[in-house]
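Trainee: I am new to this structure and would be grateful for a close look at a single part of it. Please take me through one strand and its surroundings, and then through the aromatic rings.

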Amino acid sequence: MDAHAARRSGPRRITFVTNPDDCNLACRMCREHSPLASRRAPPASWRLPHRVSRHMSTELVEQILREREGSALAEVIPSTKGEPLLWTGLDHLAEWCAAHDLLLNVTTNGTFPGRGATAWAELLVPVACDVKISWNAATAATAAEIMGGLCLDRALEDVRAFVRVRDARRAAGARACRVSFQVTAQEANVVELAALVRLAAELGVERIKVNQLQIHHRQLAGQDLRRDTASRARWNEAVRGMRAAVGEHRLPSGDPVLLQNVEAWPEAFGEPARGPCPFLDREAWVTAEGRFAPCPAPAGQDGLLGDFGSLHDRPFGEIWESAGYRALVDGYERHAECRRCPMRRAGGV
């Protein structure tokens, strides 16, 4: 492929792992900030002597975005590990996206640190396609158990404030992002999932995206809803409850709350069907160290699927079209890590 074609190809979405060490909560399922986590260093080959902290510079982000101008890139995600609203470069990134016709896609823990929910909404709502708020409970006790440090009553008020800004922009005829709840389904909250649909409808939250628990810490193995027939049955009951709640509780607009990744499973225990990889040749990640990562799975983030190089040293398009990355795209189904990846859902992500 010639240089011009390589430049115009590439991912539709890039995630920049901007500040994985920054968070003001301690969610127990989090790989980085759980009280169950053991602090891990990046692989030795990934450590860069001129980067002493895991805070991505705005210069690196802008360098990559400049190189991607004219390509297929449409969305940019800051962080996903750590709280992106604590990254000092977020204002600059939002301004860049607004000026270059890119959309932000933000996942926040719902505490809106620093400036508060209203001021954050004024920055994010005009330029984001989606703001996902991590939300894992309908009761204060469950919220505190799963998301250490979260006050549910305060979080509810903050969501209302954020949604008010979105609704005011829409009423004025201006574009405004979708607001979603992002839920990690687990034993601790499975009986509250239907109530989350009712809560979302009341608050004006348009979508609920459900992810199944990834077992980053062995102490959480008993929270996995996929682990046996009884736990799968509880998930399937929650699916029925969530779907029923969608029909019974509408958004203020009259539209239904959208559900994503809410599908029943065969209750007999067995290896789940694997779909195609939803990430390779579609999306890309840049780690806090500036490395290219092919997917969000731990194997991709930790370099177990290959070392594709540093964006400090090579242009993004060169890595995207490199022999190593192309070999992974074409042959991932033969890779042991990819064969067992839970993100390859038969019904999509």
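Mentor: The account below begins with one strand and its neighbours and then turns to the aromatic rings.

This is a predicted model, in which local features need pLDDT of at least 70, side-chain atom pairs count only at pLDDT 80 or more, and totals for chains, interfaces and linings use all residues. Residues are numbered from 1 along each chain as its sequence is written, and side-chain values use heavy atoms, with hydrogens and water left out.

The strand is β4, residues 103-108. Strands here are DSSP runs of E with at least two residues, helices are runs of H or I with at least four, and both are numbered from the N terminus. Of the 6 residues of β4, 5 are buried, and the strand is thus mostly covered. Buried means a relative accessible area under 20%, exposed means over 50%, and partly exposed lies in between, for a 1.4 Å probe and protein chains only.

Two strands are said to pair if DSSP finds at least two bridges between them. Strand β3 (residues 75-78) runs parallel to β4 and is joined to it by 2 bridges; E75 has L103 of β4 as its bridge partner. Together with helix α3 (residues 90-99), β3 and β4 form a right-handed β-α-β unit. A crossover is called right-handed if, with the strands pointing away from the viewer, the path from the first strand over the helix to the second runs clockwise.

Strand β5 (residues 128-134) also pairs with β4 in the parallel sense, over 5 bridges. In this pairing, T108 has I133 of β5 as its bridge partner. From β4 the chain passes through helix α4 (residues 116-124) to β5, in a right-handed β-α-β crossover.

The loop between β4 and α4 holds F112. Most residues other than glycine have a negative phi. F112, however, has a positive phi, near 45°, and F112 is buried, with a relative accessible area of 2%. Further along, R115 lies over the face of W120, at 4.0 Å from the ring centre. A charge counts as sitting over a ring if NZ of Lys or CZ of Arg is within 6 Å of the ring centre and within 35 degrees of the ring normal.

The second topic is the pairing of aromatic rings. The structure holds 11 aromatic pairs. Rings of Phe, Tyr and Trp (its six-membered ring) pair if their centres lie within 6.5 Å; planes under 30 degrees apart count as stacked, over 60 as edge-to-face and the rest as tilted.

In one pair, the ring centres of F308 and Y325 are 5.9 Å apart and the planes stand at 85°, so the arrangement is edge-to-face. F308 lies in the loop between α9 (298-301) and α10 (316-320), whereas Y325 belongs to helix α11 (residues 323-331), so this pair ties together parts that are 17 residues apart in sequence. F308 is buried at a relative accessible area of 6%, and Y325 is buried at 0%.

Y325 also pairs with W320: their ring centres are 5.0 Å apart and their planes are at 35°, so this pair is tilted. W320 is buried as well, with a relative accessible area of 2%. Ring pairs link F308, W320 and Y325 with F292 and F316 into a cluster.
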